[in-house]
Amino acid sequence: MAEVELKFVTRQSALAPFLEKVIPALQQQGMGVSKATEMRLQNDYYDTKEHEFQARKMGFRVRGNNGEFEQTLKTHGKVSGGLHERAEYTVALSKDEPDLSLFDASVWPQDLNIKHIAGHLERQFSTHFTRTAFDIKVEDTVIELVLDEGEVTTGKSQSPIHEIELELKSGDVAMVFVIARIINDQLPVRLSDVSKAAQGYQLLHGIQAQVASLPDFLPLDNNCSTEEAFAAAMRCALAHWQRHEHLFMETGAIKMLAEVAKSLRLMLQSVSLYLPVLQCPAMLSLHKQLLNYAQEWLWQDDLQSLRYLLSKKSLFNKNLSRHPALLSYLQGRKAGLLQAHNPENLFFETTATSVKLSASAILHNRPWRNEAKGFDMPVMEHAKGWLSQGWQTVQQSMPVNRDMAAANYTAIEILLRQTLWNGFLLADLFVEERGTFRAPWLDLLTGIDELRALLMLRHTLKEAEPEAQDELEAWVDEKTQSLLKVMERTRQVAMRGDVYW
């Protein structure tokens with residue numbers, strides 16, 4: 001049967017505060033809450049040596065509970081902002097050993113050799129946890145709410161499990177979001193799209209602190225409707241956000257924070273772009289939420305400038321490496337920013353989870369259908385006008401016959417980024433030379449990033465007063481002027497480019 005579920009993770013056991021705060025809050029909303037049931041579940045996950053299930057994003061486990069056993073196969077399905085929708089197949093077992101022949105043949109992909117896989121299954125990892133479960137009833141809707149506390153183990157290493165899951169048993173999926181918001185109001189939780197199986201495979205293989213780059217353009221079908229184009233944008237932004245949030249939580253790699261900030265900007269621009277057509281109270285509310293939450297991430301610009309200055313790959317490393325005291329000062333500033341803003345706390349904030357829930361709910365509820373017209377029109381009918389309007393504003397803000405200084409470029413940055421995001425969202429609708437048109441503008445953005453780093457360095461020199469301050473300030477001025485000359489040449493090329501729409 002199809003499984004629809006939403007999952008939160010917590011930093012530690014949430015059972016006591018859940019019983020104390022969440023259950024009364026649900027009851028105050030008139031929801032029926034069943035008596036808790038508790039199970040000790042032991043799950044062994046199986047795959048071949050070649051990890052054929054994992055390669056297809058499938059999960060296969062054998063579960064034991066009080067001497068009774070069952071096996072479950074979960075297919076990949078789809079995930080939007082933490083809400084999982086996937087097929088799940090479960091059959092009873094007489095003992096705690098897998099038997100793939102018990103599944104109906106129709107559950108398997110046609111190109112999968114099940115007999116071969118059945119003969120080569122090996123246990124990969126286990127998840128052992130205590131499950132405390134409740135049934136929540138609201139009119140004709142029944143939702144199972146469970147708290148799982150335990151660990152994933154490979155035998156050599158282990159990782160904790162602290163999860164709260166909501167699974168729709170029957171009725172209206174919208175009620176899942178209602179209950180999720182009540183939980184978020186009462187407890188520090190983080191929406192997660194990482195399954196226990198995925199957590200086990202990460203423990204088994206290790207996890208790489210590797211950024212997953214966005215595509216050059218958001219893939220769109222030429223005939224897609226306005227609402228489908230918006231939904232594709234939101235799914236892309238949510239997936240990018242949650243992937244890099246998870247990677248930061250697992251690895252602590254600071255470069256992941258830049259990707260989270262990028263996801264927020266993409267989501268905000270997506271809502272801003274489509275709001276005039278898909279206008280409804282839920283969209284207006286999400287727009288306001290994103291504007292407010294994005295403010296909490298503005299410090300990321302300074303952090304990434306510091307990362308660039310400290311990077312051994314930066315254009316400035318050769319000279320700055322000769323000044324260890326200055327580098328130490330910059331390192332201190334970077335550590336201070338992280339300590340002051342504490343990204344882990346940001347991820348567990350009620351506001352962050354509320355934004356994700358609102359975005360995910362909009363994707364499923366499509367609330368504009370009751371409020372707006374034109375949502376089913378081809379997005380192509382809007383795209384040319386939207387792109388033209390943005391680029392006209394950019395070109396008016398940087399006239400070709402006027403030289404631009406550093407302050408002019410930093411002032412135009414937000415507008416330029418927004419306009420390029422619009423191109424990311426819509427350019428796949430056009431077959432002309434999108435890349436040729438966008439390339440110099442993207443180079444300008446890279447230049448603005450370098451320019452911002454130099455401006456920060458200039459400010460830091462006045463604060464830190466290092467040895468050879470005058471020499472360093474002269475060097476920064478020289479680098480700034482040299483960079484501006486390159487940016488001015490790039491801008492002239494960009495302004496002459498032929499539009500692709």
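1. In this predicted model, Tyr-274 and Trp-386 are both buried. Tyr-274 belongs to helix H7 (residues 255–274) and Trp-386 to helix H14 (residues 380–397), so that their contact, as a ring pair spanning 112 residues, links distant parts of the chain. The ring centres lie 5.2 Å apart and the planes stand at 80 degrees; because an angle over 60 degrees counts as edge-to-face, the pair is assigned to that class.

2. Phe-437 and Tyr-500 also form an edge-to-face aromatic pair, with 5.6 Å from centre to centre and 75 degrees between the planes. Phe-437 lies in helix H16 (residues 434–464), whereas Tyr-500 is found in the segment after helix H17 (469–496). The two residues are 63 apart in sequence, and the pair links distant parts of the chain. Both Phe-437 and Tyr-500 are buried.

3. Phe-437 and Tyr-500 are members of a cluster joined by ring pairs, which also includes Trp-391, Phe-430, Trp-441 and Trp-501. The count of aromatic pairs in the model comes to 24.

4. A charge placed over a ring is seen at Phe-129: Lys-196 lies over the face of this residue, at 4.9 Å from the ring centre.

5. Thr-350 is located in helix H13 (residues 350–365). With a relative accessible area of 36%, Thr-350 is partly exposed. Setting aside residues up to four places away in sequence, Thr-350 touches Asn-184 and Asp-185. The C-alpha atoms of Thr-350 and Asn-184 are 5.9 Å apart in space, although 166 residues separate the two in sequence.

Key
Residues are numbered from 1 along each chain as its sequence is written. This is a predicted model: local features need pLDDT of at least 70, side-chain atom pairs count only at pLDDT 80 or more; totals for chains, interfaces and linings use all residues. Side-chain values use heavy atoms; hydrogens and water are left out. Helices (H or I, at least four residues) and strands (E, at least two) are DSSP runs, numbered from the N terminus. Buried means under 20% relative accessible area, exposed over 50%, partly exposed in between (1.4 Å probe, protein chains only). Contact means heavy atoms within 4.5 Å. Rings of Phe, Tyr and Trp (its six-membered ring) pair if their centres lie within 6.5 Å; planes under 30 degrees apart count as stacked, over 60 as edge-to-face and the rest as tilted. A charge sits over a ring if NZ of Lys or CZ of Arg is within 6 Å of the ring centre and within 35 degrees of the ring normal.
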